[in-house]
Amino acid sequence: VTHSIPACIGSMTINGKQLDNESPVSIFAVNKCYETVQDGTFFDGSGFAALVREGYKVRSDVNITLEFRTTAVHGVLLGVSSAKVDAIGLEIVHGKVLFHVNNGAGRITATYEPRGTNSLCDGKWHKLQANKSKHRISLIIDGNLVHTDNPYVQSTSADTNNPIYVGGYPADVKQNCLTSKSSFHGCLRNLVLTRGQHTELFDFSRAFDLRGVFPHSCPGAEH
């Protein structure tokens, strides 16, 4: 076995002596345990998860679904970019959800604006679906559809070749379709990207870089 256990361990004794886990000699990727937990991945607001090291190619069509839970009104949800201008991005800004796409000709944005600033940032689970179909983009939050007109009808493919960054991104990485630099603080689950017939459910424990992200559980209540 080469990977860590996704669990809580407490009250460990060796030869009758209880180990002091409050002041360890060294510690790595160990979080505190919570009385109640939910399935999902906890982002502590300081980092990100990086998926698909070899680069994710969005091209003409992609459908993204995920669920999120947060009390913060700002935070990066997901970004895939290229070295040029082509990119997609999902973020929460002032309590609104923004889906940006640039197929090379210019950035367009679908914005979901809830009735109240904190409606989506209420610590409850919300379902998001972002769809790019050639030059058309749409956003569905909790069943409510928003779509936007795209003046660049000839430009249909987002030629991305960088990893998928979730919940934030490194300072030295360029993201052409994200305006926020705030890392997400909260929980995500059921991240699925679909291109054509190919559907992929992403397991955050398989990310090639995880910073401030705990892939196996979310605190049951905001702490």
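Which residues lie nearest the centre of the largest pocket? In this predicted model, local features need pLDDT of at least 70 and side-chain atom pairs count only at pLDDT 80 or more, whereas totals for chains, interfaces and linings use all residues. Residues are numbered from 1 along each chain as its sequence is written, and side-chain values use heavy atoms, with hydrogens and water left out.

Ile5, Ala7, Ala29, Val30 and Asn31 lie nearest the centre of the largest pocket, which is lined by 35 residues (a pocket being an open set of points, on a 1 Å grid over the protein atoms alone, where a 1.4 Å probe fits, with protein on both sides within 12 Å along at least five of seven lines; lining residues have an atom within 4 Å of a point). The volume of this largest pocket, taken as the space filled by probe spheres set on the grid points, which are joined across faces, edges and corners, is about 1,600 Å³. Strand β16 (residues 209-214) supplies the largest share of this lining, 5 residues, where strands are DSSP runs (E, at least two residues) numbered from the N terminus.

The second largest pocket has a volume of about 200 Å³. Among its 13 lining residues, Gly40, Thr41, Asn190, Phe202 and Pro215 are the closest to its centre, and strand β14 (residues 185-195) gives the most to the lining, with 4 residues.

His100 lies in strand β8 (residues 96-102) and counts as buried because its relative accessibility is 3% (buried means under 20% relative accessible area, with a 1.4 Å probe and protein chains only). The side chain of His100 makes a polar contact with that of Thr109 at 2.7 Å (a pair of N or O atoms within 3.5 Å; within protein, one must be able to donate a hydrogen and the other to accept it, and residues adjacent in sequence count only if both atoms are side-chain atoms).

Terms used
Buried means under 20% relative accessible area, exposed over 50%, partly exposed in between (1.4 Å probe, protein chains only).
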